[in-house]
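Visitor: I am new to this structure and would be grateful for a close look at a single enclosed part of it. Please take your time, and set that part among its surroundings as you go.

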Amino acid sequence: WQHHPWWLLGVVLSVAVTVGLAFVVSHLWLVTREAYSSFVLKPLGNADSQIVATDDEGMFGVWQTVLQTMPELEVMTPVLNRQTVAIYEDTKVSVQVRGIDPRTDAVLHPIHLLEGRMITQADKTSVVLSSTLAKQFGITLGGTLELVTPQGFRSYTVVGIAEESSSVILAPLLDIQRLFTSGGYVDGFDV
């Protein structure tokens with residue numbers, strides 16, 4: 001190496017580049033795995049699969065009756081998501097409203113409530129907010145916000161705040177179907 005000092009420098013640089021590339025590939029793998037977990041696995045919760053409508057109108061809810069006849073099916077919950085605007089005092093935020101059937105959704109999508117209670121099937125004007133939205137609005141339990149719907153403005157009372165990082169509002173499925181669809185349509189079913 002005394003006759004070729006650049007050779008040692010080349011070896012050191014090769015090792016450094018190899019270690020650097022290994023680090024970058026490892027980091028990209030971790031980021032990809034985290035993104036996959038948060039965008040694909042987290043929405044599924046305890047569900048094994050999703051049956052999703054193939055058009056914008058959705059699937060008619062009667063499919064739930066048909067699917068429930070499958071002997072292997074243990075639990076199924078309808079899914080209805082709609083983008084809208086929520087308003088509290090002078091703050092307007094783009095949100096995702098998720099219409100849920102509280103009886104079956106709790107099995108497949110356990111929600112950790114920070115405060116309050118979960119909505120029930122009997123609730124007509126109650127919602128559970130994500131903690132992110134509650135902070136963004138500065139709203140607490142018992143506060144009233146408005147949702148912009150195709151039927152006009154609709155007021156809801158916050159009965160629960162869930163540990164959730166996205167801008168999600170959970171509301172009774174039947175109410176969201178009535179306000180956002182032309183009947184008993186859903187986006188699909190988690191099974």
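**A helix and its surroundings**

Guide: Among contacts in the protein between residues at least 6 apart in sequence, 71% join residues at least 24 apart, and it should be said at once that the model is a predicted one. The protein has 191 residues, of which 37% count as buried, and its secondary structure comes to five helices and eleven strands. The part I would choose is helix α5, residues 173–180, where six of the eight residues are buried, so that the helix is largely enclosed by the rest of the structure.

The buried residues of α5 are Leu173, Asp175, Ile176, Gln177, Leu179 and Phe180. What do they pack against? Their partners are the strands β3, β4 (91–100), β7 (144–149), β8 (152–162), β9 (168–172) and β10 (185–186).

Within the helix there is also a charged pair, for arginine 178 forms a salt bridge with aspartate 175, and their closest N and O atoms are 2.5 Å apart. Both residues lie in α5, three residues apart, which is about one turn of the helix. Aspartate 175 is buried, with a relative accessible area of 4%, whereas arginine 178, at 48% relative accessibility, counts as partly exposed because it falls between the limits of 20% and 50%. The pair does not stand alone, since Arg154, Asp175 and Arg178 are linked in a network of salt bridges. A search of the whole structure finds five salt bridges, and another of them joins the side chains of aspartate 123 and arginine 117, at 2.9 Å from N to O. There, aspartate 123 is buried, with a relative accessible area of 11%, and arginine 117 is partly exposed, with 36%.

Two of the strands that α5 packs against, β8 and β9, lead on to strand β6. β6 pairs with β8 in the parallel sense over five bridges, and with β9 in the antiparallel sense over two bridges. In the pairing with β8, valine 127 has valine 158 as its bridge partner, while leucine 129 stands opposite isoleucine 169 in β9. Five of the five residues of β6 (residues 126–130) are buried, so this strand too is largely enclosed by the rest of the structure. In a regular strand the side chains alternate between the two faces of the sheet. In β6, Ser126, Val128 and Ser130 point one way and Val127 and Leu129 the other way, and all are buried.

Strand β3, which α5 also packs against, takes us to the aromatic rings, where the count comes to one aromatic pair. The rings of tyrosine 88 and phenylalanine 137 have their centres 6.1 Å apart and their planes at 70°, so the pair is edge-to-face. This pair links distant parts of the chain, as tyrosine 88 is in β3 (residues 77–88) and phenylalanine 137 is in helix α4 (residues 131–137), 49 residues apart. Tyrosine 88 counts as buried at 14% relative accessibility, and phenylalanine 137 counts as buried at 6%.

For contrast, one may turn to the surface, where Trp7, Leu8, Val11, Val12, Val15 and Val19 form a nonpolar patch with about 560 Å² of accessible area together. Leucine 8 is found in helix α1 (residues 5–44), and at 39% relative accessibility it counts as partly exposed.

Terms used
Residues numbered from 1 in each chain as written. Predicted model: local features only at pLDDT ≥ 70, side-chain atom pairs only at ≥ 80, totals over all residues. Heavy atoms only, no water. Phe/Tyr/Trp six-rings, centres within 6.5 Å; stacked < 30°, edge-to-face > 60°. Helix = DSSP H or I, 4+ residues; strand = E, 2+ residues; numbered from the N terminus. Buried < 20%, exposed > 50% of the residue type's maximum accessible area, 1.4 Å probe, protein only. Patch = residues over 30% accessible without salt bridge, like charges linked within 9 Å, V, L, I, M, F, W, Y side chains within 5 Å. Areas by Shrake-Rupley, 256 points an atom, 1.4 Å probe, with all protein chains shown as cover. Salt bridge = Lys/Arg side-chain N within 4 Å of Asp/Glu carboxyl O. Contact = heavy atoms within 4.5 Å. Pairing = 2+ DSSP bridges.
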